[in-house]
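Work through the exercises below with the sequence and the model side by side. Try each task before reading the solution that follows it.

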Amino acid sequence: MTPPTLDILGIGNAIVDVLAPTDETFIAERGLPKGGMRLIDAAEAEALYAAMPAGVESSGGSAGNTCAVAAALGAKVGFLGKVAADQLGEVFAHDIKAVGVHFPTPPLSGAAPTARCLILVTPDGQRTMNTFLGACVTFGEKDVDAAEVARAKVVYLEGYLFDPPEAQAAFRAAARAAHAAGRKVAITLSDPFCVGRHREAFRAFVKEEADILFANEAEILALYEMDDFEAAAAQAAQEVEIAALTRSEHGSIILSGGERHLVAAQPTTVVDTTGAGDAYAAGFLAAWARGLSLPMAGRWGSIAAAEVISHYGARPLVNLKELVA
């Protein structure tokens with residue numbers, strides 16, 4: 001078996017994030033699902049962008065954020081995702097490469113523009129995301145480079161990518177390539193609303209293809225249509241090698257092979273919860289790829305998540321290597 005040259009290969013929506021602080025009234029007047037993610041069309045994206053307060057723009061997307069944070073922790077990381085051959089596409093590619101992430105996917109020409117996510121952050125730190133997928137919807141099986149997948153110890157798949165029609169075939173192609181090369185497959189459920197839209201497909205993929213599952217409490221309950229977290233966690237533990245389940249201020253629970261590890265949340269002041277789960281997965285996988293224990297992987301995840309929710313934006317502002325040392 002050829003030794004891996006990457007620790008993590010992320011696959012997900014390549015999106016430029018626009019984050020702006022707002023109040024509860026702005027959310028309520030527009031009937032937006034607070035704390036969730038909804039898909040919008042180009043017209044609504046333009047109208048909402050014009051109405052929202054001035055924000056901070058940066059390359060993002062869930063898996064993209066995970067890859068950037070993992071790279072900041074010293075992991076060798078790649079990312080596959082579709083941008084357009086336009087200005088925002090160039091911004092995304094430059095930003096993700098600048099933080100040390102390998103990004104080989106060619107841009108889309110002459111079609112939909114690069115995706116963007118308009119993120120409204122209320123004073124309680126909750127983020128309400130409104131996503132125009134644009135070029136992201138064109139990512140399909142043809143964009144899964146089996147050689148790139150085989151390079152990585154683990155391929156990390158973003159649940160949000162289940163929304164575009166071709167993406168589920170791409171996920172299965174990536175899983176096949178990873179397992180054929182003796183690698184692992186990780187998936188994050190991303191959002192309970194996303195799980196609700198594609199529950200049966202998620203259930204099948206988790207059970208048949210995934211080795212490592214990331215989810216928060218709302219997502220794991222949505223996946224199994226349960227009201228009891230412990231019952232849902234037990235079900236997940238039967239279907240994957242490792243289940244890393246986060247519970248906000250209550251920390252996380254890691255289940256594997258009959259073992260159960262409780263990991264405390266790192267104390268922090270919550271400013272913006274955008275990217276908390278992305279950063280947790282980044283810390284976890286960066287530590288796991290180094291061969292560290294599951295409790296230590298959970299600790300790295302908690303530290304990374306605590307750092308990114310202490311400020312606006314989903315990328316770290318301090319040296320994460322020093323924090324986890």
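**Exercise 1: the surroundings of Ser 62**

Ser 62 has a relative accessible area of 7% and is therefore buried, where buried means under 20% relative accessible area, exposed over 50%, and partly exposed in between, with a 1.4 Å probe and protein chains only. The model is a predicted one, in which local features need pLDDT of at least 70 and side-chain atom pairs count only at pLDDT 80 or more, while totals for chains, interfaces and linings use all residues. Residues are numbered from 1 along each chain as its sequence is written, and side-chain values use heavy atoms, with hydrogens and water left out.

Task: state where Ser 62 is placed and which side chain makes a polar contact with its side chain.

Solution. Begin with the place of Ser 62, which is in helix H3 (residues 62-72); helices (H or I, at least four residues) and strands (E, at least two) are DSSP runs, numbered from the N terminus. Next, take the side chain of Ser 62, which makes a polar contact of 2.6 Å with the side chain of Asp 278. A polar contact is a pair of N or O atoms within 3.5 Å; within protein, one must be able to donate a hydrogen and the other to accept it, and residues adjacent in sequence count only if both atoms are side-chain atoms. Finally, leaving aside neighbours within four places in sequence, Ser 62 is in contact (heavy atoms within 4.5 Å) with Glu 158, Tyr 160, Ser 190 and Asp 278.

**Exercise 2: an aromatic cluster**

Task: find how the rings of Tyr 156 and Phe 214 are arranged, and which residues the ring pairs link into a cluster.

Solution. A search of the whole structure finds 11 aromatic pairs, a pair being rings of Phe, Tyr and Trp (its six-membered ring) with centres within 6.5 Å, where planes under 30 degrees apart count as stacked, over 60 as edge-to-face and the rest as tilted. The rings of Tyr 156 and Phe 214 have centres 6.0 Å apart and planes at 70 degrees, so this pair is edge-to-face. Because Tyr 156 lies in strand E9 (residues 152-158) and Phe 214 in strand E11 (residues 212-216), the pair ties together parts that are 58 residues apart in sequence. Tyr 156 counts as buried, at 0% relative accessibility, and Phe 214 also counts as buried, at 4%.

Now follow Phe 214 to Phe 284, with which it forms an edge-to-face pair, 5.4 Å centre to centre and 85 degrees between the planes. This pair links distant parts of the chain, since Phe 284 is in helix H11 (residues 276-289) and the two residues are 70 apart. Phe 284 counts as buried, at 0% relative accessibility. Taken together, ring pairs link Tyr 156, Phe 214, Tyr 280 and Phe 284 into a cluster.

**Exercise 3: cysteines without a partner**

Task: explain why Cys 67 has no bond to the closest cysteine sulfur.

Solution. Start from the search of the whole structure, which finds zero disulfides, a disulfide being a pair of cysteine sulfur atoms within 2.5 Å. The sulfur of Cys 67 is 14 Å from the closest cysteine sulfur, in Cys 136, which is too far for a bond. Cys 67 is buried, with a relative accessible area of 1%. Cys 194 is likewise in no disulfide, as the nearest cysteine sulfur, that of Cys 117, is 13 Å away, and Cys 194 is buried, with a relative accessible area of 0%.
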